[in-house]
Amino acid sequence: MRHFDDIYAIAADRKGGADAVEAQITPARSPAALAAIPPDRWLATITKCVFNAGFNWKVIEAKWDGFEAAFHGFDVGRCAMMDDDWCDALLTDTRIVRNGTKIQSVRDNAAFLAALDGGPGTVLGGWPSNEYIGLLDLLNREGSRLGGATAQYAMRFSGRDSFILSNDVTARMIAEGVIDKPATSKTALRQVQAAFNAWMEQSGRGLTEISRVLAMSV
């Protein structure tokens, strides 16, 4: 596995210099800023990523105002108490994409967020980056439809420090000998986390920045 500086140099060479690389990197929000995000915005971001999965994201984006209205601004308490009548009404609501299991995931994820001791901003936003795969495991186990890349994108779009195992990032991890195929097992994810931890120590950067550099190096 190469030193992060060497991988950064590859990315800079591909993108036309360090300035071009830095222009495409947006640092993660601070834990304090994440803690200040209200629960409804965490639920909204998670919901958007769940509905985007396997679907044309442009359709979801075009309907998003309708989603906000249909789910009452993603009020966590209200969504967690979604009853059958509300769920049935949403199945015929043309303001949203009418996917029954994804609609139900809003209720389930609202209940999950409501149960987090200290609130989602504190728990999800404050989770240590050097144990990030533990957060992904929590989201997969306790959340609804938050396995694989969906949880990774939800955390990235929320602004928390995160990596996304996109095709390009995975290709770089394979090239560096960290893994030999896409990381889906717990063992492979631990290897990925260990590599990111080493690169964080080498660079002083967070997961988000390192992930972006890895993607640009391919």
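# Helix H14 and its surroundings

Reader: Which residues are exposed on the other side of H14, away from its buried residues?

Author: The model is predicted, so local features need pLDDT of at least 70 and side-chain atom pairs pLDDT 80 or more, while totals for chains, interfaces and linings use all residues. Residues are numbered from 1 along each chain as its sequence is written, and side-chain values use heavy atoms, without hydrogens and water. Exposed means over 50% relative accessible area, buried under 20% and partly exposed in between, with a 1.4 Å probe and protein chains only. On that other side of H14, the exposed residues are Lys 186 and Glu 201.

Reader: How wide an arc do the buried residues of H14 cover around the axis?

Author: The buried residues of H14 are Ala 188, Leu 189, Val 192, Gln 193, Ala 195, Phe 196, Trp 199 and Met 200. They lie on the same side of H14, because the arc they cover, taken from the directions from the helix axis to the C-beta atoms, is only 160°.

Reader: Which helices do the buried residues of H14 pack against?

Author: Helices here are DSSP runs of H or I with at least four residues, numbered from the N terminus. Contact means heavy atoms within 4.5 Å. The buried residues of H14 pack against H1 (4–15), H11 (132–142), H13 (167–175) and H15 (207–216).

Reader: Which residues of H14 are among those that touch the most other members of the largest nonpolar core?

Author: A nonpolar core is a set of buried Ala, Val, Leu, Ile, Met, Phe, Trp, Tyr and Cys residues joined through side-chain atoms within 4.5 Å. The largest one has 68 residues, and those touching the most other members include Phe 67, Leu 124 and Phe 163. Phe 163 is in contact with Val 192, Gln 193 and Phe 196, among others. From H14, which spans residues 186–203, the list of most-touching members includes Phe 196 and Trp 199.

Reader: Is Phe 74, with its positive phi, buried or exposed?

Author: Most residues other than glycine have a negative phi. Phe 74 has a phi near 55°, and its place is in the loop between helix H6 (64–70) and helix H7 (76–80). With a relative accessible area of 0%, Phe 74 is buried.

Reader: What is the relative accessibility of Arg 145?

Author: Arg 145 also has a positive phi, near 60°. Its place is in the loop between H11 and helix H12 (149–158). Arg 145 counts as partly exposed, because its relative accessibility is 42%.

Conventions. Helix = DSSP H or I, 4+ residues; strand = E, 2+ residues; numbered from the N terminus. Expected span 1.5 Å × (residues − 1). Lists of a residue's contacts leave out its neighbours within four places in sequence.
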